[in-house]
Amino acid sequence: MSVFKRIYQVVQEIPKGRVASYSWIARKVGIRDVRLVGWALHRNPNPQTIPCHRVVKKDGSLASGYAFGGPEKQKILLLKEGVRFKNNRVKEEYFL
DNA sequence: CCGTTGACCAGGC
DNA sequence: GGCCTGGCCAACG
């Protein structure tokens, strides 16, 4: 099993209404280079099954991605799931 | 095959 | 506090 696929599995394990940071996923997968996580999501082979909008930066701010239509779109999706923001950042209590 | 490049992060200056 | 660096994995040209 490649590191790549394990990243997607971890992302899919994120429950609705919670978020995970890139570094959290990297630790879970067992790699030190967190860029791989971001890079894997950038590839995003099947957006249908991968909730990439639940992945945010360590400080709670949104990543500048485009696979979900931009940070604005991502914020809307998270708000719909009940994730609250504070000063344009996800609150600590929503992290896994 | 090899250099470059990332949806990032922590540590050192 | 901000800027620089290393991290070391996979895809792309």
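Ala, Val, Leu, Ile, Met, Phe, Trp, Tyr, Cys and Pro count here as nonpolar, Asp, Glu, Lys and Arg as charged, and the others, Gly among them, as polar. With those classes in hand, we can start at the DNA: the residues of the surface near DNA strand B divide into 10 nonpolar, 5 polar and 3 charged. "Near" has a fixed sense throughout, namely that one of a residue's heavy atoms lies within 4 Å of the molecule or strand.

Before going further, a word on what you are looking at. This is a predicted model, in which local features need pLDDT of at least 70 and side-chain atom pairs count only at pLDDT 80 or more, while totals for chains, interfaces and linings use all residues. Residues are numbered from 1 along each chain as its sequence is written, chains are lettered from A and ligands numbered from 1 in the order in which they are written, and side-chain values use heavy atoms, with hydrogens and water left out.

Back to DNA strand B. There are 18 residues around this strand, and V34, G38, L41, K58 and G65 come nearest. Of the strand B atoms within 4 Å of the protein, 44% belong to sugar or phosphate, and the rest belong to bases. Some of the base contacts can be picked out as polar contacts, that is, pairs of N or O atoms within 3.5 Å; within protein, one atom must be able to donate a hydrogen and the other to accept it, and residues adjacent in sequence count only if both atoms are side-chain atoms. The side chain of R35 has an N or O atom 3.2 Å from a base oxygen of DNA strand B. Two backbone contacts go to base nitrogens of this strand: an N or O atom of L41 lies at 2.9 Å, and a polar atom of H42 at 3.3 Å. The elements that give two or more residues to this surface are α2 (22–29) and α3, and the largest share, 6 residues, comes from α3. Helices (H or I, at least four residues) and strands (E, at least two) are DSSP runs, numbered from the N terminus.

Now turn to DNA strand C. The residues surrounding this strand are V3, R32, D33, V34, R35, L36, W39 and R43. Sugar and phosphate make up 55% of the strand C atoms that come within 4 Å of the protein. R35 appears again here, with a polar side-chain atom 3.2 Å from a base oxygen of DNA strand C. Helix α3 (residues 35–43) gives the largest share of this surface, 4 residues. By class, the surface near DNA strand C has 4 nonpolar, no polar and 4 charged residues.

How is α3 held against other helices? Helix α1 (residues 3–12) packs with α3 at an angle of about 85 degrees, and their axes are 10 Å apart. Axes are lines fitted to C-alpha atoms, for helices over the stretch in contact, and angles run from 0 to 180 degrees between N-to-C directions. The angle makes α1 roughly perpendicular to α3, since 65 to 115 degrees counts as roughly perpendicular, under 35 as roughly parallel, over 145 as roughly antiparallel and the rest as oblique. In this contact (heavy atoms within 4.5 Å), F4, I7, Y8 and V11 of α1 meet L36, V37, W39, A40, L41 and R43 of α3. These residues divide into 9 nonpolar, no polar and 1 charged.

On to α2 and α3, which pack at about 100 degrees with their axes 8 Å apart; these two helices are therefore roughly perpendicular to each other as well. Y22, I25 and A26 of α2 meet V37, G38 and L41 of α3, giving 5 nonpolar, 1 polar and no charged residues.

Finally, look at the loops. S61 sits in the loop between β2 (55–56) and α4, and its relative accessible area of 15% makes S61 buried (under 20% is buried, over 50% exposed and in between partly exposed, with a 1.4 Å probe and protein chains only). The side chains of S61 and D59 are joined by a polar contact of 2.7 Å. Leaving aside neighbours within four places in sequence, S61 is in contact with V56, N88 and R89. N88 lies in the loop between β3 and β4 and has a positive phi, near 65 degrees, in a residue other than glycine. N87 is found in the loop between β3 (85–86) and β4 (89–90), and phi of N87 is near 55 degrees, likewise positive. With a relative accessible area of 68%, N87 is exposed.
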